[in-house]
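Work through the exercises below with the structure open beside you. Try each task before you read its solution.

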Amino acid sequence: MSKLGNIGARLYRGEVGYDFIGKRKIWYGISILITITAIVGLAVRGLNMGIEFSGGAVFTTPKTSVSATEAEHRAEAAAEGHQATVQKLGNGSLRIQISELDTQQSLPVQEALAKDLNVPVKDINTQLVGPSWGEEIANKAWLGLGVFMVLVVIYLAIAFEWRMALAALIALIHDLTITVGVYALVGFEVTPGTVIGLLTILGYSLYDTVVVFDSLKEMSKDIGKQTRFTFSEMANRSINSTLVRSINTTVVALLPVAGLLFVGGGVLGAGMLNDISLALFVGLAAGAYSSIFIATPLVADFKERDPAMKALAKRVRAKRASAAAKGESQEQGDTAAQDAVEGAGPQDADDATPAGSSAAGRRGRPASRDRGRPSGKRR
């Protein structure tokens, strides 16, 4: 068995473990700090909405030697201040995207681009997206996200309980906030591919959370009938028992996504891959983190407020205090007996022999002084 597999088996059996629940205030603090950073980035920089949401025009040029940076400056000058995003395609052509550009403005911009790039006007392909269509797409995206959240909460409340459903919902909002904040800080464009990536990471985050919740549900079955563990301790055991599995699935999922993000998006310059892969990469990491450090500790906090769990924790503490007192008393008695034996002289040591033993037996000789003599009268 590999070293990691051996650790996983020991974690599952409860032989080793890390106190995730006991240090939950640290995890809460880290999450609050990350969330505040994401919100500040979102408020200061905002999201770079693609033309699918804000409306605009996309111009595709033939093969040209003009660089993407130079083309971006020329496009913004031709569009009179409108923001432009330029991507160099694999065949040497350029994809120029200018947001918030209407139909009347698109023809002069197309002619100006043809002049600046020294290509025929008819060779520049133009696609227009109206702002009303983009608004409709945005509304549908929000509607889909809301329906997804409601269905998730209902399912988890039925399959587990309302406390777990609430904790999972908070973890999902946590993951969404972090991912959207990273988009704002990095400046990546928000496209329909981004929405697809967000919905995908929500599903993965839920999968990881449900795995831990299922383990917790099994371990905490009839928990009130025992006095060995509190609910928080049982929740901590459930996290440790699934820890290696969560790490393995997260690493295996992140590797191909990292390939999409750093190789496909960075090296090949594939814009749509950037939109999807960044959401997946950040969301998968945040989802794995939240299932261990946020969702399950929140469930433990919610459950420990229940009167039955408070009574259980009180019984567990009382039993442990009683066992500790008995152990201390036994240890003191053993120490006193050992000190008495070690401090006694030879005669005192004989006298310390347990009752019922004969004097002869203590000294190792027969009880009768007339050993070997006849039992009759002496002549």
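The exercises that follow go from one helix to a buried residue, then to salt bridges and the surface.

This is a predicted model, in which local features need pLDDT of at least 70 and side-chain atom pairs count only at pLDDT 80 or more, while totals for chains, interfaces and linings use all residues. Residues are numbered from 1 along each chain as its sequence is written, and side-chain values use heavy atoms, with hydrogens and water left out.

**Exercise 1. Check the span of helix 5 against its expected span.**

Solution. Step one: helix 5 covers residues 103-117, which is 15 residues. Helices (H or I, at least four residues) and strands (E, at least two) are DSSP runs, numbered from the N terminus. Step two: the expected span is 1.5 Å times one less than the number of residues. For helix 5 that gives 21 Å. Step three: the end C-alpha atoms are 21 Å apart, which agrees.

**Exercise 2. Which residues of helix 5 are buried, and how are they arranged around the axis?**

Solution. Start with the term: buried means under 20% relative accessible area, exposed over 50%, and partly exposed in between (1.4 Å probe, protein chains only). The buried residues are S106, V109, Q110, L113, A114 and L117. Seen down the axis of helix 5, they fall within an arc of 140 degrees, so they line one face. The arc is that of the directions from the helix axis to the C-beta atoms. Now turn the helix around: Q104 and K115 are exposed on the face turned away from the buried side. Last, find the partners. The buried residues pack against strand 2, helix 4 (68-78), strand 4 (94-99) and strand 5 (125-129).

**Exercise 3. Is F59 buried or exposed, and which residues does it contact?**

Solution. Place F59 first: it is in strand 2 (residues 56-60). Its relative accessibility is 0%, so F59 is buried. Contact means heavy atoms within 4.5 Å. Leaving aside neighbours within four places in sequence, the contacts of F59 include S106, V109, Q110 and L113. Take L113: it is 54 residues from F59 along the chain, yet their C-alpha atoms are separated by 9.0 Å.

**Exercise 4. Which parts of the chain does the R24 and D301 salt bridge tie together?**

Solution. A salt bridge is a side-chain nitrogen of Lys or Arg within 4 Å of a carboxyl oxygen of Asp or Glu. R24 and D301 meet at 2.7 Å, N to O. R24 lies in helix 2 (residues 24-44) and D301 in helix 10 (residues 271-304), so the pair ties together parts 277 residues apart in sequence. Check the burial too. R24 is partly exposed at 22% relative accessibility, while D301 is buried at 16%.

**Exercise 5. Where do R320 and E233 lie?**

Solution. Their salt bridge has its closest N and O atoms 2.8 Å apart. R320 lies in helix 11 and E233 in helix 9, so the pair ties together parts 87 residues apart in sequence. R320 is partly exposed, at 39%. E233 is partly exposed as well, at 27%.

**Exercise 6. Which residues make the nonpolar surface patch of about 600 Å²?**

Solution. The residues are L143, V147, V150, L151, I154 and I158. Patch residues have over 30% relative accessible area and no salt bridge; like charges are joined within 9 Å, and nonpolar side chains (Val, Leu, Ile, Met, Phe, Trp, Tyr) within 5 Å. Accessible areas come from the Shrake-Rupley method with a 1.4 Å probe; for residues, only the protein chains shown count as cover. Check one member: I158 lies in helix 6 (residues 131-159). I158 is exposed, with a relative accessible area of 69%.
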